[in-house]
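Please look over the following structure with its core, its cysteines and its charged pairs in mind. The questions after it are each answered by a short chain of reasoning.

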Amino acid sequence: MGDTVGVWDVCLSDGVHRIEFEHGTTSGKRVVRVDGKEVVRRDWMFRLVGFEQFGIGKAKCTIQIHPIGGFSYEYSLDINGKSYKKFVENQSKIMKCWCLTLEGLNFRIILEKDSMDVWINGQKVETTVRMTIRI
């Protein structure tokens with residue numbers, strides 16, 4: 001990974017995913033990795049700017065390459081049509097996350113506030129809603 005120019009951590013219901021982007025500014029080579037696995041590879045691109053699209057589960061991701069002068073570039077990540085910053089802000093509003101260790105095992109529990117879905121270690125689990133009204 002000699003030409004890595006961008007790294008982002010994306011928190012989704014099934015876990016935190018690491019996105020790495022390589023851009024060869026002389027060859028135009030582009031490589032996108034998600035959690036260490038190569039999902040996009042383009043060698044010898046003549047156009048050095050543009051975008052790369054890929055998915056993580058149901059999330060649609062786009063890395064954009066913008067020129068900023070000379071042979072310098074700026075890279076941005078959009079997720080589901082939102083900038084990385086806006087996506088992270090939105091996720092913090094709609095998801096509640098707990099990490100705990102129980103009997104030596106690590107658990108990551110996610111509550112999606114908008115759908116009331118519960119995920120444990122990346123797996124959606126069946127739940128039952130119980131309401132208690134106290135007067």
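A salt bridge is taken here as a side-chain nitrogen of Lys or Arg within 4 Å of a carboxyl oxygen of Asp or Glu. The model is predicted.

Q: Which residue forms a salt bridge with Arg 18?
A: Arg 18 is partly exposed at 40% relative accessibility. A side-chain N to O distance of 2.8 Å is found for its pair, which falls under the rule of within 4 Å. The partner, itself partly exposed at 33% relative accessibility, is Asp 9.

Q: Is Glu 22, which pairs with Arg 33, buried or exposed?
A: Glu 22 forms a salt bridge with Arg 33, and the closest N and O atoms are 2.5 Å apart. Because Glu 22 lies in strand E2 and Arg 33 in strand E3, the pair ties together parts that are eleven residues apart in sequence. Arg 33 counts as buried at 14% relative accessibility, and Glu 22, with a relative accessible area of 4%, is likewise classed as buried.

Q: Which residues are joined into one network by salt bridges that share partners?
A: The structure holds nine salt bridges, one of which links Glu 38 to Arg 41 with the closest N and O atoms 3.0 Å apart. Salt bridges with shared partners extend this into one network, whose members are Glu 22, Lys 29, Arg 33, Glu 38, Arg 41 and Asp 43.

Q: Why is the sulfur of Cys 99 not bonded to that of Cys 97?
A: A disulfide requires a pair of cysteine sulfur atoms within 2.5 Å, and a search of the whole structure finds zero disulfides. Cys 97 is partly exposed at 35% relative accessibility, whereas Cys 99 counts as exposed at 62%. The two sulfurs are too far apart for a bond, because the distance from Cys 99 to the closest cysteine sulfur, in Cys 97, is 4.1 Å.

Q: How many residues does the largest nonpolar core have?
A: The residues with the most contacts inside this core are Ile 19, Phe 54, Ile 63 and Leu 77. Strands E1, E2, E3, E5, E6 and E7 each supply at least two of its residues. Leu 77 touches, among others, Trp 8, Val 10, Ile 19, Phe 54 and Ile 63, and the number of residues in the core is 20.

Q: What is the accessible area of the nonpolar surface patch that includes Leu 100?
A: Leu 100 lies in strand E9, residues 95-102, and is partly exposed with a relative accessible area of 33%. Leu 100 forms the patch with Trp 98 and Leu 102, and their accessible area together is about 280 Å².

Notes
Residues numbered from 1 in each chain as written. Predicted model: local features only at pLDDT ≥ 70, side-chain atom pairs only at ≥ 80, totals over all residues. Heavy atoms only, no water. Patch = residues over 30% accessible without salt bridge, like charges linked within 9 Å, V, L, I, M, F, W, Y side chains within 5 Å. Areas by Shrake-Rupley, 256 points an atom, 1.4 Å probe, with all protein chains shown as cover. Helix = DSSP H or I, 4+ residues; strand = E, 2+ residues; numbered from the N terminus. Buried < 20%, exposed > 50% of the residue type's maximum accessible area, 1.4 Å probe, protein only. Core = buried A, V, L, I, M, F, W, Y, C linked by side-chain atoms within 4.5 Å. Contact = heavy atoms within 4.5 Å. Lists of a residue's contacts leave out its neighbours within four places in sequence.
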